[in-house]
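Subject: Structure handover

Hello,

Here is the structure I promised to pass on. Please open it alongside these notes.

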Amino acid sequence: MSESLLVVEGLVKRFPVRARTFHRQVGEVKAVESVSFDIKSSEIFGLVGESGSGKSTVGKTLLRIYKPTKGTIQFKGRDVTKLTKETLRFFRQQAQMVFQDPKSSLNPRRTIKSTIEESLIVHKVAKNGGARKKIVADRLAMVELSPNYMYKYPSMLSGGQRQRVAIARALALDPSFIVLDEPTSALDVSVQAKVIRLLQRLQAERQMAYLFISHDLSLMRTIASRTAVMYLGRIYELAATEDLFTNPLHPYTRTLISAVPVVSAEERQMKPKKQSHGGEIPSPINPPSGCAFHPRCSLAKQVCAQKLPDLAEVMAGHFVRCHIAIDALSANTRKIHLVDSAKEARNKIKRR
Amino acid sequence: MVDQYMLEIRDLYVYFRVYEGISRVLDGVSLDVCKGERVGLAGETGCGKTVTMKTVMGALRIPPAIIPKGEVILDGQNVLKMSAKQLLQMKGTKVSMIFQDPMNALNPVFAVGTQLFDVIRFSNRHTSNGGKLSKKEILNRAITALDEVRLPDIKRILNSYPLELSGGMRQRVLIAMALVNGPSFLIADEPQTALDVTIGAQILDLLSELVRTKGISVLLITHNLGVIQETTERVNIMYAGQVAETAPTALLFENPKHPYSQGLLASVPRLTGGEIAEGIRGMVPDYTAVPSGCRFHPRCDHALPICSQKKPPLLLVEPDHLVGCWLYAKEGDAE
């Protein structure tokens with residue numbers, strides 16, 4: 001249970017920005033800047049952030065859809081970044097992905113069966129058509145669709161059913177890890193509730209680990225066991241979900257939670273005060289100096305613009321990257337453990 | 001009594017002629033917005049929110065749309081009986097809209113300023129005093145409007161194209177456009193869905209503040225119940241072209257009566273955590289073959305025999321709280 005399935009260390013992903021003439025490189029989009037975390041087997045790990053925070057890039061880089069610029073990704077003890085074409089095939093069986101919009105992630109000209117069975121053919125899992133058909137029917141049953149759907153096309157299904165098919169495709173090879181990139185943001189709430197229940201049930205039954213990427217904080221609260229908050233390519237707070245929501249330490253996390261529109265009085269009561277005076281997420285081509293949130297932060301001091309704070313473990317399992325939160329906590333308790341270098345922080349996450 | 005309402009929709013039916021037959025989309029929708037009130041219209045995809053809104057704006061194409069019955073009275077005038085010219089006049093002066101996706105609502109090939117000037121000129125052409133505005137006057141109005149929505153560096157924004165602005169800034173420009181002519185009624189169609197949470201909250205705060213200070217009545221259309229809860233005074237829950245429930249927002253969220261509202265609210269993930277409900281079984285019906293009686297009855301766990309036979313009227317369950325459900329009928333209501 002506590003064993004790490006996936007350990008990410010110092011992950012960096014930059015995309016070149018090229019000039020229109022001669023494709024000369026004129027800059028870089030720093031999508032992910034030194035992200036470290038681990039995912040335990042059969043854990044739902046949440047990644048929240050606004051658009052442009054780099055959360056989807058992290059998900060795609062973990063699966064080697066993008067090649068990381070720097071950093072290592074260890075999956076079951078093997079470094080995924082160094083995998084060759086052949087060894088990558090093993091990894092791809094183990095790790096799958098479900099995308100945001102099932103309308104565009106399913107091929108409209110393929111039947112449901114041919115969509116789900118493709119990975120079985122590529123990985124030579126089932127020898128003949130009959131065996132494949134059996135697996136497809138089995139996977140459809142897992143997502144609560146009848147085998148009749150096999151010969152339908154995506155356009156004949158509703159949004160919720162399409163997303164079920166996308167989940168069935170991810171399950172085809174019996175993976176141990178799935179990246180879910182906003183799997184329900186294109187769905188209505190009542191349909192979302194059903195898909196989330198399905199994902200929770202599958203995870204519990206099959207002991208899979210999820211990386212759940214979303215911008216919906218209330219949803220994260222419901223589904224994830226640990227949550228990391230990303231802003232401009234870096235993790236600014238990481239804690240057990242319960243901790244993160246009841247005791248958010250970073251001003252950005254507080255601002256995010258306070259901005260969620262809620263339906264009940266209890267929720268309104270637990271909302272922290274926002275600690276931002278507005279503004280928008282800056283460009284990842286030219287991020288602000290120091291703490292990237294300082295131009296929007298209402299607590300910002302001089303040091304925030306100059307020095308990037310470390311991701312420090314201020315309470316057991318609760319990491320935060322903020323000068324002010326760290327100072328306040330160290331003055332109060334003196335117990336906090338400041339991690340000096342990024343390297344030590346990484347080792348620490350690994351050990352836990 | 002009559003002029004207390006900004007918008008009154010009375011028993012509105014809207015059908016569409018489609019290949020499969022007749023698509024019966026709105027089935028007796030009744031809804032009011034009082035003057036200065038902010039009213040929410042909530043419901044899931046395909047429940048008829050947009051058709052309702054288009055009918056109010058006189059933007060439905062007839063045919064394929066058919067309006068067999070019903071009245072839409074906006075500030076004392078029946079929209080359904082207006083001539084094209086009257087409609088234009090209404091849109092120029094009284095009613096404005098804010099759309100969901102600011103990128104699609106703005107024209108990408110014209111500068112923001114050009115589009116804002118157009119809106120001002122259009123309105124001026126349709127007001128009774130109708131004289132031509134000077135360029136300087138138009139510019140002044142545009143600057144005031146952009147200043148109100150707290151956009152910095154207005155001169156630059158007037159000359160920039162929509163793609164040069166961020167999503168939040170575009171939505172601010174749209175709000176400025178909607179409010180520049182001093183409308184008395186505003187329809188906001190999912191104004192925050194295309195934006196990030198923090199930006200969406202900023203936009204909603206700004207919008208609430210502006211409409212409150214200007215005394216504008218608002219119909220906010222959204223599927224996000226949290227947004228309804230935080231910005232409106234009254235809410236109408238719609239399901240499959242019927243209004244299921246209407247009540248003051250706080251009352252409805254505390255004590256939903258209609259099985260659909262209950263199911264919907266239970267499906268919303270909470271910030272306080274906890275399991276979410278199983279959702280609502282089944283799917284929104286096909287409008288060419290809608291269930292008889294209450295359109296929710298095939299998905300309802302509490303359905304009674306009468307539910308499939310007769311459409312429930314809106315019943316008063318407590319002061320100011322109307323529910324379209326037979327469960328709350330007293331004897332004699334069925335007649």
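**Helix packing in chain B**

Helices α2(B) and α4(B) cross with a left-handed sense. This is a predicted model, so please read everything below in that light.

α2 of chain B covers residues 84–93, and α4 of chain B covers residues 112–126. Their axes lie 8 Å apart, and the packing angle is about 125 degrees. An angle over 115 but not over 145 counts as oblique, so α2(B) is oblique to α4(B). From α2(B), the contact uses B:Leu88, B:Gln89, B:Gly92 and B:Thr93. From α4(B), B:Phe122, B:Ser123 and B:His126 take part. The class split is two nonpolar and five polar residues, with no charged ones.

**Helix packing in chain A**

Now a pair from chain A. Helix α4(A) spans residues 112–122, and helix α6(A) spans residues 159–171. The axes come within 8 Å and cross at roughly 25 degrees. Angles under 35 degrees count as roughly parallel, so α4(A) is roughly parallel to α6(A). The crossing of α4(A) and α6(A) is right-handed.

Which residues of α4(A) and α6(A) meet? α4(A) brings A:Ile112, A:Thr115 and A:Ile116. Across from them, α6(A) brings A:Val165, A:Ala168 and A:Arg169. Four residues of the contact of α4(A) with α6(A) are nonpolar, one is polar and one is charged.

**The sheet in chain B**

Chain B holds an open sheet of eight strands with mixed pairing. The strand order is β6-β7-β8-β3-β9-β10-β12-β11. β6(B), residues 95–98, and β11(B), residues 315–318, stand at the edges. Each has a single partner strand, so one side of each is left without a neighbour in the sheet. From one strand to the next, the twist averages 20 degrees.

Look next at β9(B), residues 234–239, and β10(B), residues 242–248. The two run antiparallel and are joined by six bridges. Within this pair, B:Asn236 stands opposite B:Thr246 of β10(B).

A helix also covers part of the sheet: α7(B), residues 167–179, lies across β6(B) and β7(B). β7(B) is residues 185–189. The helix runs at about 170 degrees to β6(B).

**Where the chains meet**

How many residues does each chain give to the contact? Chain A gives 34 residues, and chain B gives 34 residues. On the side of chain A that touches chain B, four helices each supply at least two residues. They are α7 (189–206), α8 (217–223), α10 (251–259) and α11 (265–270) of chain A. α7(A) gives the most, with eight residues. By class, this side of chain A has 15 nonpolar, 11 polar and eight charged residues.

**Confidence**

The model scores ipTM 0.82 and pTM 0.85. Chain A averages a pLDDT of 86, and 93% of its residues score at least 70. One stretch of chain A needs care: over residues 334–341 the pLDDT is below 50. That stretch has 14 contacts in the model beyond near neighbours in sequence.

Chain B has a mean pLDDT of 85, with 96% of its residues at 70 or more. In chain B, confidence is lowest in helix α3(B), residues 102–105, at a mean of 79. In chain B, confidence is highest in β9(B), at 92.

Best wishes

Methods: Residues numbered from 1 in each chain as written. Chains lettered and ligands numbered in written order. Predicted model: local features only at pLDDT ≥ 70, side-chain atom pairs only at ≥ 80, totals over all residues. Contact = placed C-beta atoms within 7 Å. Nonpolar A, V, L, I, M, F, W, Y, C, P; charged D, E, K, R; others polar. Pairing = 2+ DSSP bridges. Axes fitted to C-alpha atoms, helices over the stretch in contact; angles between N-to-C directions. pLDDT = per-residue confidence, 0-100. Parallel < 35°, antiparallel > 145°, perpendicular 65-115°, else oblique. Left-handed = near helix turned anticlockwise from the far one by under 90°.
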